[in-house]
Amino acid sequence: MALESMEIWFVTGSQDLYGPATLKQVARNSREVVDGLNASSQLPVRLVFKDVVTSAESILRVCQEASAAKACAGVVCWMHTFSPAKMWIAGLSSLRKPLLHLHTQFNRDLPWSSIDMDFMNLNQAAHGDREFGFICSRMRLGRKVVVGHWQEAAVQERLAAWMRAAAGAAELRGLKVARLGDNMRQVAVTEGDKVEAQIRLGFEVNGYGVGELAARTEAVSDAEIDAAAAECDQRYAMAGELQPGGAKRQALRYALRVETALRGFLVDGGFGAFTDTFEDLAGLAQLPGLAVQRLMAEGYGFAAEGDWKTAALVRALKVMGEGLEGGASFMEDYTYHFGADGAKVLGAHMLEVCPTLAQAKPSCEVHPLGIGGKDAPVRLVFTARGGPAINVSMIDLGDRFRLLMNEVDAVEADRPMPALPVARALWTPRPDLPTAAAAWIYSGGAHHTAFSQAVTGEMIEDLAEMSGLEYVPITATTSISDVRNQLRWNEAYYGRRS
Ligand code: MN
């Protein structure tokens, strides 16, 4: 319920020249716009009308209040009339929250037969918002500009996408990520500068010994395990050997013991995301599979092998997609189908794909894992549903973070895969696998991603803008030469800034 606790402030710009009657009308119209947008049920976060600001002092005050207000995830500005923009310099300099510039107008149509100079004085966004846009550009402010009448669905969708990004950015600002064990040995892309991530995005990453979790497993009661096992019996298609009285029921009970201990660890520490690694399981009998899958489904961010960047991203995507159709998960580009019927990616991991992606009731199974030398782990097995989705990766280039996004179309499996004992998704990347994978590899994108069926590329672009991250989209219109040029230009741009 992250979105419900947030609000977005709506600030209308004007000036004193017009006199009190006009300014009262500006305030009435602004309230009507805000009320109308809230009533549209398109917006995931409540819009709060703040003020009609007409002076440098009132602008500075509202920007400082927005920056300090915990609930405020961002600010929408609209110049109903002309608002000389030197008045905005102090306020915008102090604003620490994401900014959306809504370039709209109260009335949709020109009142052709009655239009007079009073109407012209009141409805000046067409030039007032240009003055505001200039000062934002002059100050090099990151922001989103949305243009159109406020009652249009397309305008509300742009605003809604930005609100979801603002919620993701707000979530990251307070997020605590726990790492159980360090990085998978020798792996490069999952490494990175945690201090820079905290400075840039606000989330903190700290390490904990897996022994701490192992010790907690001993304190889990049989009654807690009974309750969790009964829930699993109901929610999943249980393999015969895992059912009550089944030969491997104990393996399920052990997996749920780890889950209960892990949840307690996360709750007590106030963590919203976590990582583990199969190379450091001292004191645990199985690699946590079921536990991680079920905790992801509860909303926790996760990534394996110590990948704290992807774990934080998964949590952000879960918040950004709240209330929308479709889930979010840790994912890995695992293996390919290069068939003549269209190249596809099979995404999966050793165990840890979130069941919020599932097309049908997951089955709960236990199989040996050919890596790590531990007991056979219990896991949920399913295929992700078809439809549009995105893969997102954040990499550390040494002088900056780069956020990559690839739009994909998840598809049904061509044929059943009865021998594959893990959850999986199949997708065709846009524009096609050869272009998307080459663009991804030129960009240095990781094999680990945060995968979402609900979040869109637009939301990721907005998140990158408000976080000051380099953003590389790979979409239906991507060409390799464009991406290669973009990467070269970005190198110059970010090199200049660092
Ligand atoms: Mn992996």
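A cavity is a set of points where a 1.4 Å probe fits but cannot get out. The structure on screen is a predicted model, and a search of the whole of it finds three cavities of 30 Å³ or more. The tour begins with two of these enclosed spaces, continues through the sheets and the pockets, and ends at the metal site.

**Stop 1: the cavities**

Select Leu172, Leu201, Phe203, Lys309, Ala312, Leu313, Met394, Leu403, Leu463 and Leu469, which together line the largest cavity. The volume enclosed there is about 50 Å³. Helix 12 supplies the largest share of this lining, with three residues. By class, the lining holds nine nonpolar residues, no polar residue and one charged residue.

Next, select Leu180, Val210, Leu213, Leu262, Phe274, Asp276, Asp280, Leu281, Leu284, Pro288 and Val292, the lining of the second largest cavity. This space has a volume of about 40 Å³. Its lining comprises nine nonpolar residues and two charged ones, with no polar residue.

**Stop 2: the five-stranded sheet**

Display the strands in the order 2-1-3-4-5: these five form an open sheet with parallel pairing. Strand 2 (46–53) and strand 5 (144–147) are the edge strands, and each pairs on one side only. On average, neighbouring strands of this sheet are turned by 25° against each other, direction ignored.

At one edge, select strand 4 (residues 99–103) together with strand 5; the two run parallel and are joined by four bridges. Within this pairing, Leu102 has Val146 in strand 5 as its bridge partner.

Now add helix 6 to the view. This helix lies across strand 1 (7–13), strand 2, strand 3, strand 4 and strand 5, and runs at about 145° to strand 3.

**Stop 3: the second largest pocket**

Keep helix 6 selected and turn to the second largest pocket, whose volume is about 350 Å³. It is lined by 13 residues, and those closest to its centre are Ser5, Met6, Lys70, Ala170 and Glu171. Two elements, strand 3 (72–79) and helix 6, give two or more residues to this lining. Helix 6 gives the most, with four residues. The lining divides into seven nonpolar, two polar and four charged residues.

**Stop 4: the largest pocket**

Which residues should be centred to view the largest pocket? The pocket has a volume of about 1,200 Å³. Of its 37 lining residues, Gly142, Glu465, Met466, Ser467 and Gly468 are the closest to its centre. To display the surrounding elements, select helix 3 (89–94), helix 6 (153–174), helix 7 (194–200), helix 14 (457–467), strand 19 (470–474) and helix 15 (480–497), each of which gives two or more residues to the lining. Coloured by class, the lining shows 16 nonpolar, eight polar and 13 charged residues.

**Stop 5: the four-stranded sheet**

Select the strands in the order 7-6-9-10; these four form an open sheet, again with parallel pairing. Strand 7 (204–208) and strand 10 (301–303) each have a single partner strand, so one side of each is left without a neighbour in the sheet. The twist from one strand to the next averages 20°.

Focus on strand 6 (residues 176–180) and strand 7, which pair in the parallel sense over five bridges. Here Ala178 stands opposite Asn206 in strand 7. Then add helix 10 (residues 249–269), which lies across strand 6, strand 7 and strand 9 (273–275). Relative to strand 6, helix 10 runs at about 140°.

**Stop 6: the manganese site**

Which protein atoms act as donors of the manganese ion? Select Glu305 (OE), Glu332 (OE), His349 (NE2) and His448 (NE2); these protein donors lie 2.1 to 2.2 Å from the ion. Along the chain, the donors follow the spacing E-x26-E-x16-H-x98-H. Glu305 and His349 are 44 residues apart, and this pair links distant parts of the chain. Glu305 belongs to the loop between strand 10 and helix 12 (308–320), whereas His349 belongs to the loop between strand 12 (344–348) and strand 13 (363–366).

To close, display helix 12 once more: this helix follows the loop that holds Glu305, and it also gives three residues to the lining of the largest cavity.

Terms used: Residues numbered from 1 in each chain as written. Predicted model: local features only at pLDDT ≥ 70, side-chain atom pairs only at ≥ 80, totals over all residues. Heavy atoms only, no water. 1 Å grid on protein atoms, 1.4 Å probe; cavity = no way out; pocket = protein on both sides within 12 Å on 5 of 7 lines; lining within 4 Å. Points joined across faces, edges and corners; volume = space filled by probe spheres on them. Nonpolar A, V, L, I, M, F, W, Y, C, P; charged D, E, K, R; others polar. Pairing = 2+ DSSP bridges. Axes fitted to C-alpha atoms, helices over the stretch in contact; angles between N-to-C directions. Contact = heavy atoms within 4.5 Å. Donors = N, O, S within 2.8 Å, 3.2 Å for Na, K, Ca; no water.
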